Amino acid sequence: MTKSIHNNLDRHKIAEIQPLMQIHQLSLFYNQKPAFKDVTLSIPQNSITAIVGASGCGKSSFLICLNRLSDLIPGCTVSGHIQLGTLNILSPKANTTALRRRIGTIFQKPNPFPMSIKKNITFPLKEHGVKDSQQRHNIVEQVLKDVGLWSEVKDRLQDNALTLSGGQKQRLCIARTLALQPEILLMDEPCSALDPISSGIVEDLILRLRQKYNYTIIIVTHNLAQAKRIADYTALFWVDKGCGRLIEFAPAEQFFNAPNNELTKAYVNGIKG
Amino acid sequence: MWKPKTLSLFPLRNWFKYRKDFLLVWLLRGLSAIAGIVILLILGFLLREALPVLEEVGITAFFRDDSWNPGEKSYNLVPMIWGTGLTMMGAVLLATPLGIVSALFCHYYAPMPIASLYRRLIELLAGIPSVVYGFWGLVVLVPLINRLHPPGTSLLAGIAVLTLMILPTITLVADASFAKVPPEYLMGAAAMGLSSWGTIWQIVIPSAKSGLFTGVILETGRAIGETMAVLMVCGNVVQTPDSIFDPVRTLTANIALEMAYALDNHRSALFVSGLLLLGVIIVLAIAAELVDREAS
Ligand SMILES: Nc1ncnc2c1ncn2[C@@H]1O[C@H](COP(=O)(O)OP(=O)(O)OP(=O)(O)O)[C@@H](O)[C@H]1O
Ligand SMILES: [Mg+2]
């Protein structure tokens with residue numbers, strides 16, 4: 001794997017492919033039944049990593065381990081090791097509140113809270129100790145501009161967020177996550193509940209976030225064309241004997257043009273999946 | 001022959017299916033009409049029985065007379081309205097926060113086995129006959145209060161017993177409305193590292209608001225209507241209480257105590273208090289309906 005990354009020097013200089021998050025032998029079980037097993041990979045910094053694979057191969061389950069949302073699911077256990085800088089994420093001593101501020105999550109179904117548009121952003125900020133209301137207001141304006149929502153909602157910040165359209169809701173969800181200034185964004189099929197135009201807007205936004213703020217983004221998608229358009233690295237998950245496995249992880253160019261694994265080849269050529 | 005409203009291009013081969021629908025619809029309509037009619041009949045009956053005394057002394061007599069002494073043509077219901085109002089308010093004020101907090105505990109903090117055990121317990125509490133609560137209040141609670149401040153049978157005893165009795169109502173309704181809070185909200189809140197407290201206060205309670213209101217209205221109705229238990233522990237002295245240690249008599253207890261021997265205007269006056277209770281309950285039912293409609 002290291003070798004394959006080095007083959008792509010034109011895309012990323014060696015200095016820039018510092019792994020930000022190292023995942024080692026990660027497995028997740030729902031009531032002792034494995035959803036995926038023995039996943040080992042390093043997430044490169046300031047890059048977009050796409051995770052693709054057939055339904056039920058454990059992509060969403062993989063994402064929820066990374067910020068310990070798996071703790072919330074009864075009967076769900078995780079084994080292995082995830083290292084983020086000096087932080088051992090799976091350690092029982094890790095502070096999940098701080099961790100989840102560092103690793104933001106965007107869900108498939110937009111889930112703004114049933115409160116005003118503005119409060120959707122200010123309430124989490126308050127919770128994380130931003131006491132000054134002027135500062136909070138500035139952040140609201142900043143993140144809404146970042147997601148391209150400001151011009152659409154600046155006159156109705158007090159309206160209930162549930163009155164927004166699906167695409168606007170999703171961008172609001174991204175905005176409120178950005179407001180907490182995470183280092184990593186996890187996105188679980190963020191476009192699949194949206195129409196093609198909203199989906200395109202969100203996709204552009206993801207690219208912009210990477211370019212402007214150097215976010216590290218891990219995105220699950222069912223849309224291979226989308227993965228091709230935005231990903232720097234791509235991982236393929238696949239079900240093998242009733243349990244998800246990481247089949248291949250490579251820079252996107254190599255993944256789509258010269259994959260190592262036969263399964264990947266079949267998948268990207270549309271024979272499987 | 002009855003025909004379905006939609007046009008059919010083909011002969012109705014399965015007309016019996018429509019026929020069955022038709023019968024079911026009318027059966028259901030008939031049954032709900034009966035339920036409605038029964039309520040109207042009760043209301044009409046109460047009005048008919050209450051009318052003689054209302055015509056004779058007028059409605060103001062029930063609020064202005066010197067005392068409740070129907071033998072002497074004195075019909076003041078105010079002390080008993082206080083009795084009903086104060087026991088109800090005390091119980092609702094105590095039971096509502098307790099019920100909501102215990103439903104929150106059950107839903108978000110308790111481990112699975114404890115939560116389900118707790119739920120069963122609350123359901124059991126809801127099923128205990130009111131006379132048993134009254135009995136318990138009389139032999140356990142009243143002597144305790146008596147030691148604190150005689151006589152023991154008092155407004156406080158009534159509030160305490162009523163609180164226990166309506167606690168299951170608000171707890172179960174609150175539990176059900178928390179279960180309806182979309183899990184995406186909770187996942188979203190957790191994913192941003194929000195505290196449980198902030199999540200509950202800012203997201204869960206507001207989303208469950210209409211359910212909680214309905215719960216409060218239901219428990220209020222139950223508290224107003226409760227008769228046997230309050231009769232057993234409240235002391236039943238007709239007076240406007242000065243402290244929570246004073247005995248009181250509620251409207252319901254008054255009806256139960258005097259119905260057996262009341263005659264003429266006295267009997268009619270008891271129906272007036274029944275009418276008053278029914279009126280309050282109807283207002284509460286309408287309020288519950290409005291809250292429900294507001295929510296949807
Ligand atoms: N809460 C849960 N309890 C039990 N099993 C679950 C749970 N969530 C997911 N699973 C199972 O774990 C496996 C992986 O599910 P997961 O949702 O991670 O797949 P996915 O790759 O995200 O699929 P999709 O592309 O359809 O979203 C599936 O077999 C699923 O049935
Ligand atoms: Mg999924």
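**Note on the chain A–chain B interface**

1. A good place to start is the contact between the two chains: 23 residues of chain A meet 16 residues of chain B, where contact means heavy atoms within 4.5 Å. Please keep in mind that this is a predicted model, in which local features need pLDDT of at least 70 and side-chain atom pairs count only at pLDDT 80 or more, while totals for chains, interfaces and linings use all residues. Side-chain values use heavy atoms, without hydrogens and water, and residues are numbered from 1 along each chain as its sequence is written.

2. Between chain B and chain A about 1,600 Å² is buried, with carbon and sulfur atoms giving 69% of that area. Buried area here is the accessible area (1.4 Å probe) that two parts lose on being put together, summed over both.

3. The chains share 1 salt bridge, the term covering a side-chain nitrogen of Lys or Arg within 4 Å of a carboxyl oxygen of Asp or Glu. Glu184(B) pairs with Lys109(A), their closest N and O atoms lying 2.8 Å apart.

4. On chain B, helix 7 (183-191) and helix 8 (196-207) each supply at least two residues of the side that touches chain A. Helix 7 of chain B gives the most, with 7 residues. Helices are DSSP runs (H or I, at least four residues), and strands are E runs of at least two, numbered from the N terminus.

5. Finally, UniProt lists residues 21-268 of chain A as "domain: ABC transporter" in an unreviewed entry; such annotations may be inferred rather than shown by experiment. Over residues 21-268, chain A is 38% helix and 28% strand, and the end C-alpha atoms are 26 Å apart.

Definitions and conventions:
Chains lettered and ligands numbered in written order.
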